[in-house]
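Reader: I have a chain in front of me and want to learn how its pieces pack. Can you take me through it?

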Amino acid sequence: MSIGKWINKELLFLLAFIIVTAGTAYLIAKYVPKKMEDSGKTIEEISVEWEKKFKESVKSYIAEDSKIVTDKELIGMLETISDRLLDKIDKNPYDVEILLVQSDVVNAFAFPGGLIVIYTPLIRTCDSPEQLAAVIAHEMGHVIHRDPLRRLIQQFGVSVLLSMIGSGESVAYLESIIKNVINMKYSRGQEDKADDFALALLDSCLIDPMHFADFMQKIAVDKKSTNFARWFMTHPDTQSRIDKAMEKSDEFNNVEDRFTIDWENVRQQLPSVFD
């Protein structure tokens with residue numbers, strides 16, 4: 001073989017290699033999502049059944065690590081509110097549960113699978129069961145939209161989350177995930193959708209959306225308090241949320257069906273580190 005033919009053969013091989021490599025890179029860049037959350041498709045890789053198992057693991061961890069309030073009257077009050085809200089939610093695949101946790105901060109957050117955690121000072125902050133219903137309805141919106149799962153996928157990735165159930169959960173990962181959820185900041189779009197969900201749900205339950213606005217106004221006034229958690233401090237554009245709730249209240253043309261819960265009695269029974 002002459003040197004000229006050998007060079008031509010090598011050049012052809014090199015060109016073919018470059019073309020195949022560049023083509024493969026182009027296809028990967030085009031069809032493989034850079035981030036799990038960005039695709040909006042990969043969340044489907046995690047089933048609702050997996051979320052339910054995950055919820056049980058998180059619930060067990062919180063029960064061991066925190067002071068769970070088990071007072072029957074307080075739990076009954078939460079069930080009365082949540083049952084009324086849940087009855088009006090269509091296509092809900094989750095068995096939504098609420099854990100009441102004794103704490104020194106005002107906070108509420110949702111975990112994948114339908115677990116909602118409420119800290120006791122939040123109930124004390126509410127002026128009525130209808131205000132608490134507004135907060136719970138907002139968290140139910142995050143659950144139904146699978147927002148906590150979307151944020152965790154962005155943070156940890158699908159593979160890590162899936163590996164935690166069925167092959168032995170990692171306590172360290174669970175602790176990290178719980179802390180992540182507590183400090184989780186949703187996107188403006190996710191918060192708007194959860195607000196819209198809550199306002200519509202309140203309306204369908206014959207609860208005036210004004211209670212949502214009233215609670216948000218309390219947050220706006222008291223947000224400098226050190227007892228308020230970062231969750232409330234990081235929610236965007238409080239005034240626009242108040243305005244939207246007030247607009248929905250103006251459109252509320254029903255006779256309000258308020259809860260028959262003795263709210264002052266509820267607040268007096270709440271355990272508090274402030275007392």
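Here are short questions and answers on the core, the strands and the helices.

Author: This is a predicted model, where local features need pLDDT of at least 70, side-chain atom pairs count only at pLDDT 80 or more, and totals for chains, interfaces and linings use all residues. Residues are numbered from 1 along each chain as its sequence is written, and side-chain values use heavy atoms, with hydrogens and water left out.

Reader: Which helix gives the largest share of the largest nonpolar core?

Author: A nonpolar core is a set of buried Ala, Val, Leu, Ile, Met, Phe, Trp, Tyr and Cys residues joined through side-chain atoms within 4.5 Å. Buried means under 20% relative accessible area, with a 1.4 Å probe and protein chains only. The largest core has 46 residues, and Leu-85, Ile-118, Ile-123 and Leu-132 touch the most other members. Its largest share, 8 residues, comes from residues 129-144, which form helix 6.

Reader: Is strand 3 enclosed or open?

Author: Strands are DSSP runs of E, at least two residues long, and helices are runs of H or I, at least four long, numbered from the N terminus. Leu-115, Val-117 and Tyr-119 point one way from strand 3, Ile-116 and Ile-118 the other way, and all are buried. With 5 of the 5 residues buried, strand 3 (residues 115-119) is therefore largely enclosed.

Reader: In which sense does strand 2 pair with strand 3?

Author: Two strands pair if DSSP finds at least two bridges between them. Phe-109 stands opposite Val-117 in strand 3. Strand 2 (residues 108-111) and strand 3 share 4 bridges, and the sense is antiparallel.

Reader: And in which sense does strand 1 pair with strand 3?

Author: Ile-98 has Ile-116 of strand 3 as its bridge partner. Strand 1 (residues 97-101) and strand 3 pair over 5 bridges, and the sense is parallel.

Reader: How is helix 10 oriented to helix 13?

Author: Axes are lines fitted to C-alpha atoms over the stretch in contact, with angles from 0 to 180 degrees between N-to-C directions. Helix 10 (residues 188-204) and helix 13 (residues 238-250) pack at about 25°, with axes 11 Å apart. Angles under 35 degrees count as roughly parallel, over 145 as roughly antiparallel, 65 to 115 as roughly perpendicular and the rest as oblique. So helix 10 and helix 13 are roughly parallel.

Reader: How do helix 6 and helix 10 lie to each other?

Author: The axes of helix 6 and helix 10 come within 8 Å. They cross at roughly 125°. Helix 6 and helix 10 are therefore oblique.

Methods. Buried means under 20% relative accessible area, exposed over 50%, partly exposed in between (1.4 Å probe, protein chains only).
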